[in-house]
Amino acid sequence: MLSASQLARLAALGEERTANAGDVLYRVGDQSYPFIVILDGEVAILDAAGNEIVRHGPSNFLGELNILSGQTVFVTAVATRPLRYIAVDRDALRSLLFEDGLLSDLVLATFIARREALQRVQGIGLEIVGPHSSAATMRMLDFARSYRLPFTWRDSARTDDPSAAALVAGLDEGSLPLVRLPGGAELRGPSPGEVSRALGIGRELAPREEADLLVVGAGPAGLAAAVYGASEGLDTLVIDSTVLGGQAGSSRRIENYLGFPAGISGTELTSRAVTQARKFDARMATPYRAVSLEPGNGRHIVRLEDDREIAARAVLLATGAQYRRLPVDGLSEYEGMSIFYAAGPPEAQLCGAARVGVVGGGNSAGQAAVWLARGGAIVTLLHRRVDLRETMSDYLVRELERFGVSVRDRSEIAALHGKDGQLEAVTLKTGERLPFSFLFLFLGAQPCTDWLDDAVARDDDGFILTGAAAGAENPLETSVPGVFAAGDVRSGSTKRCATAVGEGAMAVQLVHGHLAEPSLTQRSTAA
Ligand SMILES: Cc1cc2nc3c(=O)[nH]c(=O)nc-3n(C[C@H](O)[C@H](O)[C@H](O)COP(=O)(O)OP(=O)(O)OC[C@H]3O[C@@H](n4cnc5c(N)ncnc54)[C@H](O)[C@@H]3O)c2cc1C
């Protein structure tokens, strides 16, 4: 609820309007809507089928994350009583949130909670129709999950949903999945980028772009570089192959980030960082995957999927790391159906009170186990070592006990059992069989550096060498002058949010130093 002074600020900025009972304020599929603050009356929020989700009354406000990101509207708002309200234009709201910290906290936290709630409601957002055997369908589900988009998947191979099969009957593999957007438009076999653009998410890049600083990867390291680069006058462009936020965005709760004694969810931390980077006019574009780096004399070229390229005076590689897969037969049959690499609201909803296995001994496994157990699942955590305390923070080990998670030391999975993508049990290397309906894997990470080939020097595990180890003068500089690396992708870095943020900020200072070098100015003028 907004305070009297917050209502007054919004009233000064927006326009007071009225509506009759039954009037629609915005509906599913609209491209945009204003920020609405209720003064008198009541508004019901409905899904596309007209089912009521919630009602809001006086001093409350409408909206969720899409009002800030400019995405297509997922729900319909209808006045249920005569209404007096303030409508604030989206741009004016964004400026106000930059200025008013308390209001920004309230609005952002509410929007994030509402998005999480929408993700749990069937029938909201995208409808993705295609069989589990279609790789493109499974990629689209991954995209929707990582983007935290509300979606419903209709598996056209399931016999209990014949109308889904009818929808895609006759479509060839290249036309899968069928994606229905809020408002009814349909796309056949779209790429994640096409769905993004259709939903109004993110900027579209021109075939050739230029920047002072190109940041590849928008996790905490890339976002910190975006904030410091853009606020210090560099024309900063950030690209990411998936979503803004990186691994940190998928963390349920980051307990050890300085300044947040009660912990902060990864979504909130990274949403705040994105808002902050936008405030300083950093350009951010997703989903764009970098596929090669060609170092140049004063300008480096990064090529992207679908033939786009970016020329930048300095490049920061902040592509982080991604989770390892389990080396067992048939894994891909279950991935995305009953085996997952992140535990968010849709997965917790899916698991309900089922038996769930969480595999891994690190903090991310511990956080997921606690989150799922809190949601009512019967959780067993499996890890390889003798004592979990060797790899997991003490506070999390205590949380596992508190929420009744059963921990099995020295346990490795040898085989999966189930059918049609639904897991039923696993067999451990000891031969013991455990009944699990869902499995969550947190098996450590490998660097996202394959795309670099030998453009920059890397260590034996593929992490990027910097500083003295790369023969560079500056600590975060790679073997190529003007190309820097920060965060989890960097050889020898501490794999933590705070470290990634610190390195991203520090890299910007080194970029300034590099761009100011007289020899570089001469080289780039000559080029
Ligand atoms: C579930 C979970 C819980 C965690 N909990 C904590 C915690 O409590 N405390 C803590 O300190 N740390 C935690 N971590 C670790 C922390 O999130 C990472 O250390 C941090 O995110 C690293 O940041 P980064 O920017 O270096 O890389 P990342 O966060 O990995 O971001 C890299 C980005 O680069 C993008 N990318 C990769 N390849 C390409 C390409 N070719 N082109 C374009 N973009 C690309 C990726 O899509 C990604 O968005 C957790 C991690 C996870 C997964």
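This report covers the ligand site, one helix pair and some backbone features of a predicted model.

Local features need pLDDT of at least 70, side-chain atom pairs count only at pLDDT 80 or more, and totals for chains, interfaces and linings use all residues. Residues are numbered from 1 along each chain as its sequence is written, and side-chain values use heavy atoms, without hydrogens and water.

**The ligand site**

The ligand has 36 residues around it. A residue counts as near if one of its heavy atoms lies within 4 Å. Asp240, Thr242, Gln247, Gln367 and Asp488 come nearest. The shell holds 16 nonpolar, 14 polar and six charged residues. Here Ala, Val, Leu, Ile, Met, Phe, Trp, Tyr, Cys and Pro are nonpolar; Asp, Glu, Lys and Arg are charged; the others, Gly among them, are polar.

The table lists polar contacts with the ligand, meaning pairs of N or O atoms within 3.5 Å.

| Residue | Protein atom | Ligand atom | Distance |
|---|---|---|---|
| Ser241 | backbone N or O | nitrogen | 3.0 Å |
| Asn256 | side-chain N or O | nitrogen | 2.9 Å |
| Cys497 | backbone N or O | oxygen | 2.9 Å |

On its own, the ligand has 1000 Å² of accessible area, and the protein covers 94% of it. Such areas come from the Shrake-Rupley method with a 1.4 Å probe. Four elements give two or more residues to the shell: α8 (220-231), β18 (321-323), α12 (363-374) and α14 (497-515). Helices (H or I, at least four residues) and strands (E, at least two) are DSSP runs, numbered from the N terminus.

**A helix pair**

Helix α3 (residues 90-99) packs against helix α4 (residues 101-119). Their angle is about 120°, and their axes lie 6 Å apart. Axes are lines fitted to C-alpha atoms over the stretch in contact, and angles run from 0 to 180 degrees between N-to-C directions. So α3 is oblique to α4; that word covers angles outside the ranges under 35, over 145 and 65 to 115 degrees.

Leu96, Leu97 and Glu99 of α3 meet Gly101, Leu103, Ser104 and Val107 of α4. Contact here means heavy atoms within 4.5 Å. These residues divide into four nonpolar, two polar and one charged.

**Backbone features**

Most residues other than glycine have a negative phi, and most peptide bonds are trans. The bond from Leu176 to Pro177 is cis, with omega near -5°. Pro177 sits in the loop between α6 (162-168) and β10 (178-180). Thr286 and Pro287 are also joined by a cis bond, with omega about -15°. Pro287 lies in the loop between β14 (283-285) and β15 (290-294). Arg410 has a positive phi, near 45°. Its loop runs between β22 (406-408) and β23 (413-419).

Conventions. A polar contact is a pair of N or O atoms within 3.5 Å; within protein, one must be able to donate a hydrogen and the other to accept it, and residues adjacent in sequence count only if both atoms are side-chain atoms.
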